[in-house]
Every structure is written in structure tokens, then in C-alpha cells.
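Here is a friendly walk through the hollows and the packed interior of this protein. Have the model open as you read.

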Amino acid sequence: MAAAAAADWTSLPDDILFLVMRQLGIPDLLNAGAVCSSWRPTYSSLRLPITDKSPCLLYSCDADADDDDVATVYSPSSGATFKLRLPAPAFRRRYMVGSDHGWVATADELSNLQVINPLSGVQIDLPPVTELYHVASFTDDRGRLMYSNQDNWMRRHDPQWLPVPYHPQRLRLFLYYRVTLSCSPSAGSECIVLLLHRPDGELSFARVGDRSWTRLTGIENLPETGYRYAFYNKNDRLFYLLNCLGSIHTLDLNGPSSPVASLIFKEIALWDNPNKSIAVTPRGDMLQVWRCRDPRWVDTPVRFPLEDCDDVYDPCQELYTDEILLFKVDIDGQKLVKMDSLEDYVLFMGFNSSVCLSAKDFPNLKAGCAYLADDAYEEICVNKHTWRELGIWNFKSETLESFGDPPSVLPWLNWPPPIWITPSIY
């Protein structure tokens, strides 16, 4: 009996192929479009609801509260929303700590970090939390996994200070400030992951594929603490580190020898508030952006059980952005030049690396405005389940506006904290 001929899937009728592709999730749809040239036209007819390369909001929607694996993506530029099903660990059990090049850095319930591409579904584990120099694991008297965090900053001020014990789910809230990537993690070991963490904004880094974190200590021209923000400049291949007092250092981690750092902008502020970040305009100007928050008391506090602790916490206040200050960084003059407006630029700010675009290239975005997601990590670490701030800061009216239509962007859940991503399949 002759063997049955192999099926020729490339010759599927277009109408059948169209019906099949319509049922696929976005990662599978992307893979299907790459199978063969004959499938590509059908794939192209099923356009993703992303019309340009502007950032989108990744968040958990209230409508999907019973499905922990589903994330929602909202594009302010197109006004569209769509769903993504992500691989384990469940999306609603992650903590978002950074976004770069279409990838999101998350911490799972063991406080270990991963980077994931939400569109492709590709996920890569980073070195475990216990590979940081000051974190160790142990079991308590009930046999539960715990972590100890040796806070050297506190130890220097109080020699009797003992390591602080943390439940695995809680450590990530107190330990991580943010993660910055040098490029897409799909590049393997070429991708450098820079981690800003406690105590007091210390620095550690690893390359994709490394098994441990390398602490940045004893580097000439590089103070060991105080960092709150970092971004990577692909043009000069340097990390730019922003200190809580406004100083800026560059950091070169590309060479085989020791890291090289330089101070390029001196301290300019007298206090560590407001939260400070850096953005680079399409013209190449560097901006410092100071986000001022005002605590407001909650009229009716709600008691939220902490699933990883034995007690509860009464949230009593929420943080609202009440002012954003803009400064152009004058490196030569070593000064900040106050800006009265954002001109025709658009900012995207949050746990992501800040993105600054020209509104002329993205006419559906609001010129002279900043699209905000909540990145108040010090508030999140003690008020995990309370209100998260999202909206559009209008620099002209100095008010925070809602996203407006479409209403499908609402309501969002407060956990995990919503984050801006610039979608990419690579």
C-alpha cells in the first residue's frame, strides 16, 4: 500500500486560512505569518491593532479578573485594545520593574526576575535573587521559604542592625527600583541588564545568560548608592545614571576589563524628592523630568489581606502627581534650564525607560503632554493593592487628564502596576 502523500499546507484556500488565523492569539498569529510566503498575504490582512511604534499600556483589565494569564494592551495612538495570553508565571502575579525594546522586566512570587516579550511570548530568566550579594534564603520555624536582606547602609549607621527577613512575595516590592536593558534580550549575551536596587539605589548588572549578578562597587568616579533612574544610549553605548540629587554619571559596561564611569553633570538638587528621570528628545536634547507627588488621605480606608504575610495593612493615603517640572540639561554649563512647555513633544513615563516622541510623527497623540503610569515604588511596596495613577499630564493646564475614549481602556486593576511598552516582536 502506497504511503499517503504529505499534506501541502501551503496551498490551503485563503478563506479557510483566514478563518483559522482569526482564532489565533497574537504570538501564534505572528508565528503563522512567518511560516511561508503563501500565508503572508492572509496574515497581513489581519492587521494587529497597533498602527505605529508609539508606546502602549500593558495592564490587567477588571474584565479578566478571573484569568490570571491574560494581559490587556491599550494603544493611545490608535485607540485600540487587545488581549495577550502570557506564559507562566501568571501575569497578575508578577511585579513590573522595567520596560525596554518591547520587553518587560518582571519579578515573580519568589522575587526572581524575568524578561518577557508580551507579543511573542518569549521569556528569559535572569539570575536568581539570591545571587545578589546581600540576599540569602532560609526556612523559618514553620518550614517556609524566607529571604534575608543585609542592608549595609543601615549597618553602617547602626552596627547592631540585623538582616531583615522577608516573605518571598514581599522582598521584590522592597528590593527592586527598576531594570534597564541595553538592547533586546533576543540578542543574547550582548544584552546587558542593569538593576537598580536597595539599599539606597545600588547597582548590579548581568548579561542575558549569566548565572549571577555582578555588584558595581569600587568603581572610580562612581558613587555606590543614590541612583533612582537609568537609561541606555545606543549611540554611544553608555548607560546614563541619574542620582536622586540630580547628578548624572555615564557607565561603560561593554569592555572586557573593569567598568568605566564618568561624572558628566554635578548634583543640582538639595533633596531627593521629587522623583527624577531623564528623557532624550528626537533632536538629541537631554531633559530632566521631576515628578512631584502629593499625598492625599483616603476617606474610607480599606483593609487588604497581604497574601504573603500574617497581618493586614490599612492604606491611609494615595499619591497624586500635582506638578511636573521640565529642565533641559546643559552639560557644558553644568546647569538645568527651566522649560515652560514640552513644545511639540510627547512623553511616556513610568517604570519604562522614558520615551520622548515628536507629536508631528504621531498626530493622534496629545502634543505637549506626558502619558503617565505609576512608578511610585516606595508607595507600592507598602500599599500593594491601592490606587495606581494613570493619565495624561497637560503641561499647559498643569492638570492630569484621563485617557478618555475609548472606555475599553477602563477599568484597570491596580496589580500588577500598569507599564508602558513599545511593542516589538523581536
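Let's start with a small enclosed space: the second largest cavity holds about 40 Å³. Keep in mind that the model is predicted. In total, the structure has two cavities of 30 Å³ or more. Around the second largest cavity you will find Glu-318, Leu-319, Asp-374, Ala-376, Glu-379, Thr-386, Trp-387 and Arg-388.

Next comes the largest pocket, with a volume of about 1000 Å³. Its lining counts 35 residues, and His-101, Tyr-232, Lys-234, Ser-354 and Val-355 are the closest to its centre. Several strands supply at least two lining residues each, among them E4 (95-100), E19 (275-280) and E26 (355-358). Strand E15 gives the largest share, four residues.

The table sets out the two linings by class.

| Space | Nonpolar | Polar | Charged |
|---|---|---|---|
| Second largest cavity | three residues | one residue | four residues |
| Largest pocket | 18 residues | 14 residues | three residues |

Now for the packed interior. Which residues of the largest nonpolar core touch the most other members? They are Tyr-95, Leu-113, Tyr-176, Leu-194, Leu-241 and Leu-251, in a core of 62 residues. Strand E12 (residues 192-197) provides the largest share of this core, five residues. Apart from this core lies another, of 19 residues, including Tyr-74, Val-355, Leu-357 and Phe-403.

Leu-113 is worth a click. Setting aside neighbours within four places in sequence, Leu-113 is in contact with Val-97, Thr-106, Ala-107, Asp-125, Leu-126, Tyr-176, Val-179, Leu-195 and Trp-213.

Technical notes
Residues are numbered from 1 along each chain as its sequence is written. This is a predicted model: local features need pLDDT of at least 70, side-chain atom pairs count only at pLDDT 80 or more; totals for chains, interfaces and linings use all residues. Side-chain values use heavy atoms; hydrogens and water are left out. On a 1 Å grid over the protein atoms alone, a cavity is a set of points where a 1.4 Å probe fits but cannot get out, and a pocket is an open set with protein on both sides within 12 Å along at least five of seven lines; lining residues have an atom within 4 Å of a point. Grid points are joined across faces, edges and corners, and a volume is the space filled by probe spheres set on the points. Ala, Val, Leu, Ile, Met, Phe, Trp, Tyr, Cys and Pro count as nonpolar, Asp, Glu, Lys and Arg as charged, and the others, Gly among them, as polar. A nonpolar core is a set of buried Ala, Val, Leu, Ile, Met, Phe, Trp, Tyr and Cys residues joined through side-chain atoms within 4.5 Å. Buried means under 20% relative accessible area, exposed over 50%, partly exposed in between (1.4 Å probe, protein chains only). Contact means heavy atoms within 4.5 Å.
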